[in-house]
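Q: I would like a close look at a single part of this model, with its surroundings described in one connected answer.

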Amino acid sequence: MNPPTQKKTHPQDIRAIHSVNVWRNDRQQWLNISVLVVADFAALGCAWKIAAQLNRLYSPIPPQLVWWTWLGLPSLFWIFSAITLLTLAGGGLYNRATAWKDYVRSAQLVSLAYLFALVISYFYDPKLDVPRSLFFSAWSLSVAFIIGFRLISTLVLQQLEQRQPTVGIFLIATAERLPHLSKLLEQRSHYHVVGAALASTANAKVTLSAILNSKAREVIVEGLPPTELASTLYWQLRRLGITLRLIPSSVEVLHRRGIPEIFAGMPTLRAAPPMLLGLDYRIKRYIDITAAALGILVLAPFLIGIAIAIKLTSLGPIFYRQERVGLHGKIFHMWKFRTMVVNAEILQASLEARNESQDGILFKIKDDPRRTRIGRFLRRTSIDELPQLINVLVGQMSLVGPRPLPIRDVERFNSWHHIRHQVLPGITGLWQISGRSHIDDFDQAARLDLYYIDNWTLNLDFEILVETIRIVLFANGAF
């Protein structure tokens, strides 16, 4: 009698999913997409309204291009808007993560949409010519309004995200790093650690089962062990609709700048310099100088009012100049509104025992007795930092960069901490928007600075500025 035949099972492709289905984003994601689409459309509408008004008398739209009018806008606007929104969607500007905060790319895609529409109009009828003044004014205004409306939308959406239900996080790391990372995540009210595993077991079936049982929405991994296929965990989680976050080293962060290429029969990442060398940094400095000058000019009445309030409520000077360590370790005087008593630096020595910083590098006390009455308000709202616009104007600082620290703190640095001095310091930076005073381990702050240096783009500066505005408005983490 022949033994019963067993049904053969074939290993499944790691990328395969049993049934094709739409990935169910959370409500916050759908809200983000809806708000951004409305904001982009409103930006285009405002741009075209203003452009049409500017060109109404001397260069109106040819009647041949006005097939219909709806809501006071010509047919050409609706076609341009559809093309632009489709281009933004195709470019990933409505996707998850930080793609929708890519302000520089949004400007590039809007420009691409306008050029594409111009080519289409030429092939439609070469004799029809959209007025150049209308085209260029609509183009430039669309770029400006798209960026502006997205900056405002991001500010609102990021604040709404803080009110969403907590996100379940499964943590994978080495034994010595698990307690530290778990504590760090629990300090953020938006996240909750629902499970953990050792990095050495990241690709094991038991770990995957633990992730499933924990009902985690995201998995954070540090120190992923080398395997034959590094993306094994990623593909396993992708099939389950679970987000993977990797905590990278500085080298791994650099990989983001590379373009995958086969070179001499080997897979490589090519990180080539841009065609216009130095243009992005020069634009950064132009933005710094322009924004600082406008800020001082526009805020002058407000700054004078703060100066009067400081003078009337406490003895001593209005401004406080402290020696800070800047670019390449050069000492400079950083300006602030005075928030403490005149002899604050002398009193600090007697307060060192109350320092709340774990490693002692930074000096932080939540209820610092040296603060003046108005100083507490200025520190909580970060208004005391506004005089640093002067430092930006003279080239000692930038709007965004690693925060310059006092000589007392720098003297306690480890050798690798000094890498942060290779770039111009800033009024705000990744450290300030990633926990601010909640970060009590300077190594963590220094890693954020290194991430900023390795990963710097103009768009990253925009993201940091927007998040800084949100944090300052809601007095988040300042003391």
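Does Glu218 count as buried or exposed, and what is its relative accessibility?

A: Glu218 counts as buried, because its relative accessibility is 7%, under the 20% cut-off for that class. The model is predicted, and this value is computed from it.

The side chain of Glu218 takes part in a salt bridge with Arg245, at 2.5 Å from N to O. Glu218 belongs to strand S5 and Arg245 to strand S6, so the contact ties together parts 27 residues apart in sequence. The partner is placed otherwise with respect to the surface: Arg245 is partly exposed, with a relative accessible area of 39%. In general, side chains of opposite charge can pair when their charged atoms come close.

The two strands that carry this pair also meet through their backbones. Strand S5 covers residues 218–222 and runs parallel to S6, with five bridges joining the two. One of the pairings involves Val219, whose bridge partner in S6 is Leu244. Both strands belong to an open sheet of four, ordered S4-S3-S5-S6, with parallel pairing. Strand S6 (243–247) stands at one edge and strand S4 (191–198) at the other; each has a single partner strand, so one side of each is left without a neighbour in the sheet. Neighbouring strands of this sheet are turned against each other by 25° on average, direction ignored.

The Glu218 contact can be set beside other charged pairs, as the structure holds twelve salt bridges. Among them is the bridge between Glu385 and Arg403, whose closest N and O atoms are 2.4 Å apart. Glu385 sits in the loop between helix H11 (373–381) and helix H12 (389–393), and Arg403 in the loop between strand S11 (398–400) and strand S12 (405–406), so this pair ties together parts 18 residues apart in sequence. Glu385 is buried at a relative accessible area of 18%, and Arg403 is buried at 8%. Glu385 and Arg403 are also members of a salt-bridge network that includes Lys336, Arg379 and Asp384.

Lys336 leads to a further pair of strands. Strand S10 spans residues 331–337 and runs antiparallel to strand S9 (residues 319–325), with seven bridges between them. Phe319 has Phe337 as its bridge partner in S10. The hairpin of S9 and S10 has five residues between the strands, and His328 there takes a positive phi near 55°.

Another salt bridge joins the side chains of Arg420 and Asp449, at 2.8 Å from N to O. Arg420 lies in the loop between helix H13 (407–410) and strand S13 (426–428), while Asp449 lies in helix H15 (residues 442–454), so the contact ties together parts 29 residues apart in sequence. Arg420 counts as buried at 3% relative accessibility, and Asp449 is buried with a relative accessible area of 2%.

Aromatic contacts add another kind of link, and the structure holds twelve aromatic pairs. One of these is edge-to-face, between Tyr103 and Phe462, with 6.1 Å centre to centre and 85° between the planes. This pair links distant parts of the chain, 359 residues apart: Tyr103 is in helix H3 (residues 103–124) and Phe462 in helix H16 (residues 458–473). Tyr103 is buried at 1% relative accessible area, whereas Phe462 is partly exposed at 23%.

Technical notes. Residues numbered from 1 in each chain as written. Predicted model: local features only at pLDDT ≥ 70, side-chain atom pairs only at ≥ 80, totals over all residues. Heavy atoms only, no water. Phe/Tyr/Trp six-rings, centres within 6.5 Å; stacked < 30°, edge-to-face > 60°. Buried < 20%, exposed > 50% of the residue type's maximum accessible area, 1.4 Å probe, protein only. Pairing = 2+ DSSP bridges. Axes fitted to C-alpha atoms, helices over the stretch in contact; angles between N-to-C directions. Salt bridge = Lys/Arg side-chain N within 4 Å of Asp/Glu carboxyl O.
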